[in-house]
Each structure stands twice: as C-alpha cells, then as structure tokens.
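Here are my notes on this model, as numbered points. Please read them with the coordinates open.

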Amino acid sequence: MSCSLFQIAELDEDRHFELSDYQGPVARWCSGCGDHSVLTSVQRVLAEADAIPERTVFVSGIGCSSRFPHYLRTYGFHGIHGRALPLATGVKLSRPDLDVWVVMGDGDCISIGAGHWIHAVRYNVDMTALMLDNNIYGLTKKQTSPTTPQGYSSNTQPYGSWLPPMNPLEATLGVTNASFVAQTAEWLPAHLFSTLRAAHEHRGFSWVRILQRCPHFTADIFGDAVKDPSRVELLVHDDGITAPGLDRIIEHRTAHDPSDIDAARRLAEESDRLRLGLFFRDESRPRYEETRHLPHLTVDDKLAALEKELDRHAV
Ligand code: SF4
C-alpha cells in the first residue's frame, strides 16, 4: 500500500512519543559533565513537543558536546570541526520539513566556526543552535578556547590565557538580523529546559549559549556559581523565559523586555553575575529560506541542472 504525503502527515499527527523514544546509548561523557544535563533537557523538549524522531536531525561539529547525535534516537550528522552550521543550513534548505538542531562547543562555534556563526545568525534559517560553553577545549585536553578567562592556565598557555575572553552574547547580539539570543546554565535544569523549549518554538535561528561545567578540566570556573546562587541573575519579563521553582533559589532579578535590542546589548556586557534568560527575540526578522523562494525541483530536475552546469566546463 502506498501513502500520499498528505496521508503520511495525517498519520504523523496521531503519533505520540515518550522520553525513551529519543534516548540512545549511554553517553560516554565524564561523570558529572554538564553535557549529560543538556542531553536530558533536549530529550524532554522533544518528548513534550512530540517531535517525530525520523523528522528530527541533530548536526554537530567536533568536541565533547559534538557527540550529541550519537545519544539521540533521531537522525544525526557528526560533522567536522567548526562546520556544523553550514552542514545544518544545507540540511534545512534542502529539507525544510525537518526539525534541525545544531550542537557546538565554544571552540567549535566561535573559533574555527566563527565565520559560519556570524552568518548563520544573519541568515536566520529556522534552526535551534546550542553552544555548550565550558570555557576550554575538552576533547583535545585543556587548550585555551576563545572564552577561557584571562590568566587561566591551560596546556597551550600554561602561564595563563593572554587575552581577555570573547563575549559571545555581545557578538551575537551585534549581528544584523539576530532573532533569538538566550543564555542559560546546565546546572539549573528548570531554566535550561524552559530556555530550550522557547528556542525550539522560535521561528528563525535561535542561538542559545549554555554555560556548561567541565569537571575534568575547568571545574573551578563555574564552581562558585553552582554553590552560590547569588552569583546568578535572571532576566525576567512576561515575554521572557519563566522557570518554575527558581524563585526560592535565585534572588537577583532584572526586568528586561526581550524586544529591546539596545537593552539586550547593555545587559550582555560583562557583569559580576552570570545573567541568564532571554536577551532578545524578534520573529518578524526575515528568514533566508523565505526570501530565497526556491523553486521546487524534482531529483531529475536537479540532475539535469547539474549536468548542464558541468557541461559548461567540458574541454
Ligand atoms: Fe565533559 Fe569536560 Fe569530560 Fe569533555 S572533558 S566529557 S567537557 S567533563
């Protein structure tokens, strides 16, 4: 029996999934690694959204967090260093029906992948991009990354990182056409889950920086904030991210309207506290896939166009 696309879509609407439908093999990250927490939250977001596993794709680059696709029972593409975003963009442009997620580390996204990061924000293709920021290259054993604190000793700079760290929030908010920018921390699972859900629901390119513990190499970097919630400050607003149960834990709050890009840029500047929440959201920003108006081409059409193009170079 064959089904039309319309019939398949109707069948999909009747399907419901459990958390276990997204859970792959046991993750091989170190014990206590913040990546475990992010993986669980992502699986919960997928389950709550009833995301169809075979229409969901996780694309990653290289790094500890880039092992993400292996631990999910969805489609996945473990790509090459710094190139997760162009790979994911290609997937989304050729299959706009797919739900595309991108998982990168700090080195992957804002060092070798920096050019792709800036332009992915500008192109605003409808995807959910997560940057798990542990302030170090973990997979390659403690090398300085762009977000390593100044003076922090690593295997590449044993006398301390020479330069002040990049501020990826400020940089992302400075890119023309940014449409969703948020920051959360993996040790606050309620906030993490609410942030990932909001990012997933956003139509456009959602970019989330997740502060992530690496107990193996940078245990001390976020250690104070984990033990002392007064080091954290929440951005709050009716249109922002609300996380149940945090009222009793985190006392510092700042009202911030996420439609105000100027205020978002000011709040993204360095502060004594870690600011978490939705910095900016604007769903009216143009999305590349809408502005391109790509014609629908069959496989035969594409092959014919490719042959024609190649024939131009025949000698
Ligand atoms: Fe996690 Fe750090 Fe271990 Fe990598 S090295 S798996 S980031 S704890």
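1. Start with the contact between Arg197 and Glu48. In this predicted model, the two form a salt bridge, with 3.1 Å between the closest N and O atoms. Arg197 sits in helix α7 (residues 189–201) and Glu48 in helix α2 (residues 34–49), so the bridge ties together parts that are 149 residues apart in sequence. How accessible are the two partners? Arg197 has 27% relative accessibility and counts as partly exposed. Glu48 has 48% and also counts as partly exposed. That value stays below the mark for exposed, because exposed means over 50%.

2. Next, Glu290 and Arg203. Their side chains meet in a salt bridge at 4.0 Å, N to O. This pair, too, links distant parts of the chain. Glu290 belongs to helix α10 (residues 288–292), while Arg203 is in the loop between α7 and β6 (205–211). The separation in sequence is 87 residues. Glu290 is partly exposed at 42% relative accessibility. Arg203 is partly exposed at 43%. Note the N to O value of 4.0 Å for this pair: the criterion is within 4 Å, so the assignment rests on that cut-off.

3. A third pair is Arg231 with Asp224. Their side chains form a salt bridge, again listed at 4.0 Å, N to O. Arg231 has a relative accessible area of 28%, which makes it partly exposed. Asp224 is partly exposed as well, at 47%. Elsewhere, salt bridges with shared partners join Arg203, Arg287, Glu289 and Glu290 into one network. The count of salt bridges comes to 14.

4. Now the ligand site. Which residues surround the ligand? They are Trp29, Cys30, Cys33, Cys64, Asn134, Gln212, Cys214, Pro215, His216 and Phe217. What is the make-up of this shell by class? It has 7 nonpolar residues, 3 polar residues and no charged ones. Please check the cysteines in this list, Cys30, Cys33, Cys64 and Cys214, by eye.

5. Gly34 deserves a look. It lies in helix α2, the helix that also holds Glu48. Buried or exposed? Gly34 is buried, at 0% relative accessibility. Leaving out residues up to four places away in sequence, Gly34 touches Glu186, Gln212 and Arg213. One of these, Gln212, is also among the residues around the ligand. For scale, Gly34 and Leu306 are 45 Å apart, C-alpha to C-alpha, with their positions 272 residues apart in sequence.

6. Leu278 is another buried position. It is placed in strand β9 (residues 274–281). Its relative accessible area is 2%, so it counts as buried. Which residues does Leu278 touch, not counting those up to four places away in sequence? They are Phe180, Val181, Ala182, Leu235, Asp239, Gly240, Ile241, His256 and Pro258. Leu278 and Pro189 are 16 Å apart in space, C-alpha to C-alpha, and 89 residues apart in sequence.

7. Two backbone angles should be inspected. Asn135 has a phi near 65°, a positive value in a residue other than glycine. Asn135 lies in the loop between β4 (127–133) and α6 (168–173). It is buried, at 6% relative accessibility. Asn177 has a positive phi of about 80°, and it is not a glycine either. Its place is the loop between α6 and β5 (180–185). At 13% relative accessibility, Asn177 counts as buried.

8. Last, the overall picture. The secondary structure comes to 11 helices and 9 strands. Does the size fit a compact globule, or not, and what value should be expected? With 315 residues, such a globule would have a radius of gyration near 20 Å; the protein has 20 Å, so the two agree. Along the principal axes, the C-alpha atoms fill a box of roughly 60 × 50 × 40 Å. Of the 315 residues, 47% count as buried. Accessible surface comes to about 15800 Å², with 53% of it on carbon and sulfur atoms. Among contacts between residues at least 6 apart in sequence, 68% join residues at least 24 apart.

Notes: Residues numbered from 1 in each chain as written. Predicted model: local features only at pLDDT ≥ 70, side-chain atom pairs only at ≥ 80, totals over all residues. Heavy atoms only, no water. Near = heavy atom within 4 Å. Nonpolar A, V, L, I, M, F, W, Y, C, P; charged D, E, K, R; others polar. Helix = DSSP H or I, 4+ residues; strand = E, 2+ residues; numbered from the N terminus. Rg over C-alpha atoms; globule rule 2.2 N^0.38 Å. Buried < 20%, exposed > 50% of the residue type's maximum accessible area, 1.4 Å probe, protein only. Contact = heavy atoms within 4.5 Å. Areas by Shrake-Rupley, 256 points an atom, 1.4 Å probe, with all protein chains shown as cover.
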